[in-house]
Amino acid sequence: MVEQDAKRQPKATNIMASKTQLPCDGDGICMLCKAKPSDLETITCKTCVTPWHVDCLSSPPETLASTLQWDCPDCSSPPEDVPLPPIGNNPLPTTPSSDLVAAIRAIEADVSLTDREKAKKRQELLSGKMQSDKDDHDANKEKKKKGDDVLDLLDERLNCSFCMQLPERPVTTPCGHNFCLKCFQKWIGQGKNTCAKCRCVIPSKMASQPRINSTLVVAIRMAKLSKSLVSGGPQKVYHFVHNQNRPDKAYTTDRAQRNGKANAASGKIFVTIPTDHFGPIPAENDPERNQGVLVGECWEDRLECRQWGAHFPHVAGIAGQSNNGAQSVVLSGGYQDDEDHGEWFLYTGSGGRDLSGNKRTSKDQSFDQKFEKSNQALQVSCLKGYPVRVVRSHKEKRSSYAPEKGLRYDGIYKIEKCWRKVGIQGFKVCRYLFVRCDNEPAPWTSDEHGDRPRPLPKISELKKATDITERKGGSSWDFDFLSGER
DNA sequence: GGGCCCGCAGGG
DNA sequence: CCCTGCGGGCCC
């Protein structure tokens, strides 16, 4: 039933490989003449979507039509012994990327459209039928459904045949199949030289020097973007909605130049809470395990912690919005003014630090902190008595309550007071008194404080520790734990 | 071990 | 779009 389709053969440009042929690099610079050709002087391969400098090609295409259907020297004229790729009875080409991308680019280039309109057009394009611009209001529900379909369609056709996910740093074989760079290299490393999907021979050049199909990257991104913009509409779109295509673990994006968690993007968020969800994460929001996030749960790093919803920001210590309150904090011991007593602790606000140059998280304070942004969010949570999830990190061991390793979810606290004072570095800091308030036994397990639950701190103890110099908001001292209401 | 530099995510 | 940020890896 396999049809050999002659039309699949590259246009007979019959490149003579007498002269070295090299494409443009990632910056659009011709690797042969080192010049940066304009768009008009550049031609893009229909298979691998790599740009080439026309003037440096030994045999450039002659007609407009052949330009659109052009295969670069790497992808055309396979060795004589290579059979034509077997084509199934699917009438669609197996490389949606080139045509699709050309059309998407045309939309992108249209300056008369807003981002939103572009997204809509992209989405229409991807769904294969141009939808008339009828009333935008009640079509929302339908669009939402359609958005999913589009992404699903993309998924099926673009997925890496090894890991079945949307490819990470996708490479495309001349036969039109996409793989993650890593998956592809692993396959080649096993001595294979045929496409894992259709068994067609992979040219040795491509095998030894696979190129990232950057345009496919863009297409996948655009499709996702278009989905989020069109389906989400004005209402809030939570992260977990667009989560389905992320791998289970943090991953290196095509943009990152290094592997590893330092520059990684987050893996799938497993829980179904919105990022502004207050309080514990219950079992009903944990479809993965159906148990919720339990006090004492530990994670390797912040990205993993994020995936379970305990604390969403990747770097920042406070999760919150100035008008809404703060959902969670991370205690790392990195702040001199922090004081961790387990059952209660003093937390320092963010800001006031010198972040010039590349210092993302300098420890040197150079100006006063204010109750704004995330500091204000904590203030709101204090005033309203909202529950705050607390995660401890033991990067610097300051307290016997710190977890043995990694990060640990230590349950719900309330911010009993907040104020500003002059910190150790001589600048004002925002300060918050957190007191544990959930019903589970205190999670500390050190010998020193082995008796659980640990008694609540005495007011005098807190007063002494907090050293209030300026009070800003906060509940009164008669907070509920005095009466035993936790 | 400290400094530097990277890219992601989120708020505004 | 810009700025910030209680990471994290690598290089010195």
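# Around DNA strand C and among the rings

Trainee: Which side chain has an N or O atom 2.5 Å from a phosphate oxygen of DNA strand C?
Mentor: Good place to start, and keep in mind that this is a predicted model. One of the residues closest to DNA strand C supplies the contact. With a side-chain N or O atom 2.5 Å from the phosphate oxygen, the residue is Arg 302.

Trainee: Which residue has a side-chain N or O atom 2.4 Å from a base oxygen of DNA strand C?
Mentor: Let's set a backbone contact beside it: Gly 317 places a backbone N or O atom 3.0 Å from a phosphate oxygen of the strand. For the base oxygen, the partner at 2.4 Å is a side-chain atom of Ser 332.

Trainee: Which elements give two or more residues to the surface near DNA strand C?
Mentor: Two strands do so. One covers 325-331 and the other 344-348. They are strand S7 and strand S9.

Trainee: How many residues of the surface near DNA strand C are charged?
Mentor: In total, 22 residues surround the strand. Eight of them are nonpolar and eight are polar. The charged residues number six.

Trainee: What share of the DNA strand C atoms within 4 Å of the protein belongs to sugar or phosphate?
Mentor: These atoms divide between bases on one side and sugar or phosphate on the other. The sugar or phosphate share is 62%.

Trainee: Moving on to the rings, are those of Phe 179 and Phe 184 stacked or tilted?
Mentor: The structure holds nine aromatic pairs, so we can look at the geometry of this one. A pair of rings is described by the distance of the centres and the angle of the planes. Here the centres are 6.2 Å apart and the planes meet at 35 degrees, and under 30 degrees would be needed for stacking. The pair of Phe 179 and Phe 184 is therefore tilted.

Trainee: How many residues apart in sequence are the parts that Phe 371 and Tyr 432 tie together?
Mentor: Phe 371 and Tyr 432 form an edge-to-face pair, 6.0 Å from centre to centre with 90 degrees between the planes. Phe 371 sits in the loop between S9 and helix H9, while Tyr 432 belongs to strand S12. The pair therefore joins parts whose separation in sequence is 61 residues.

Trainee: Which residue lies over the face of Trp 308?
Mentor: There is another such arrangement to look at, with Lys 192 over the face of Trp 187 at 4.4 Å from the ring centre. For Trp 308, the residue over the ring, at 4.1 Å from its centre, is Arg 289.

Key. Residues numbered from 1 in each chain as written. Chains lettered and ligands numbered in written order. Predicted model: local features only at pLDDT ≥ 70, side-chain atom pairs only at ≥ 80, totals over all residues. Heavy atoms only, no water. Near = heavy atom within 4 Å. Polar contact = N/O pair within 3.5 Å; in protein donor to acceptor, adjacent residues only side chain to side chain. Helix = DSSP H or I, 4+ residues; strand = E, 2+ residues; numbered from the N terminus. Nonpolar A, V, L, I, M, F, W, Y, C, P; charged D, E, K, R; others polar. Phe/Tyr/Trp six-rings, centres within 6.5 Å; stacked < 30°, edge-to-face > 60°. Lys NZ or Arg CZ within 6 Å of the ring centre and 35° of its normal.
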